[in-house]
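Notebook, helix packing. I opened the model to look up two helices and one acidic side chain.

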Amino acid sequence: MVEKISGEKLLLLFTHEMNRSEKFSFITGTQPFKISFSSKEYFVYIKNVSSAYFKNRPDVNRAQLPIREEFYFIKNSSIPFIFLGYDSVNDLYVCWDFYIAKTRLNAQNNVSFYSRQTWQNQVQENEFLEKKLTNGDKLILFKRKLIIDFFEKIDAFFEKKTISASAETKSNSVDSACNSGKVYKITDVELLKTLKPLLTGVAIHTLEAIQIVQKFYGEKYPNMTYRDWSNLVKGINF
């Protein structure tokens, strides 16, 4: 029986290895959480890899992305989203194409990403094993102790997916709410001018900034929670 590791312990297993590198710093969160490596920020989410319970295909494993409030913000952020599956028996990670994984955030309940037990059992101590699923999805499998090397080489593992200019503009627009009734990025120039003195300098007034943003957008985006407003403000880059 595969041991199911708690989200908190999955985070500790990850940071235990990553802390060996001076390039790594933990920023915030549990699952998902935010890190920095080589001065580049990443959102990371780790789930247990376990059987997909297909009667005719017992070798198929999976990890699932649930619907989470935080994922709405992450999906519309420019920061990469890394989805890792953890195999506790082999002490290894499965990483799916992070460009694809990000597009599937909150697409539906429990989006499944698949692996194979035979592949996981094949992984050697000092190698990155590359595999492809029948649907074309690429995945990289590697022992947990190689997680620093993985982030060193991360851009070489998956090909960057191009997005048309019009699609990118729509994705980043405050008017693009992904049918959720929420706003994910502030682009109003005058509002940003108002917020800048509150969020820069020695004294930071986050609460006041959140209240101003709530008043500005509240009627247009009634589905926003306080956490949404807080994430929106914290995601501003001047």
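The entries below go from one helix to the next and then to a single residue.

Entry 1. I note at the outset that this is a predicted model.

Entry 2. I checked the length of α9, which covers residues 206-217. At 1.5 Å a residue its twelve residues should span 16 Å, and I find the end C-alpha atoms 16 Å apart, so expected span and model agree.

Entry 3. Which residues of α9 are buried? I list A209, I210, V213 and Y217. Looking down the axis of α9, I find these buried residues within an arc of 100°, so they line one face of the helix. This fits the general pattern: an α-helix has 3.6 residues a turn, so residues three or four places apart point the same way.

Entry 4. I then looked up what covers that face. The cover over the buried residues of α9 includes α8 (189-199) and α10.

Entry 5. I turned to α10, residues 226-234. Its buried residues are D228, W229, S230, L232 and V233. Among the elements covering them are α2 (69-75), α8 and α9.

Entry 6. Is D228, in α10, buried or exposed? Its relative accessible area is 8%, and the cut-off for buried is under 20%, so I log D228 as buried.

Entry 7. What does the D228 side chain reach? I find the backbone nitrogen of T225 at 2.9 Å from it. Leaving aside residues up to four places away in sequence, D228 touches E69, K182 and N223.

Technical notes
Residues numbered from 1 in each chain as written. Predicted model: local features only at pLDDT ≥ 70, side-chain atom pairs only at ≥ 80, totals over all residues. Heavy atoms only, no water. Helix = DSSP H or I, 4+ residues; strand = E, 2+ residues; numbered from the N terminus. Buried < 20%, exposed > 50% of the residue type's maximum accessible area, 1.4 Å probe, protein only. Polar contact = N/O pair within 3.5 Å; in protein donor to acceptor, adjacent residues only side chain to side chain. Contact = heavy atoms within 4.5 Å. Expected span 1.5 Å × (residues − 1). Arc of directions from axis to C-beta.
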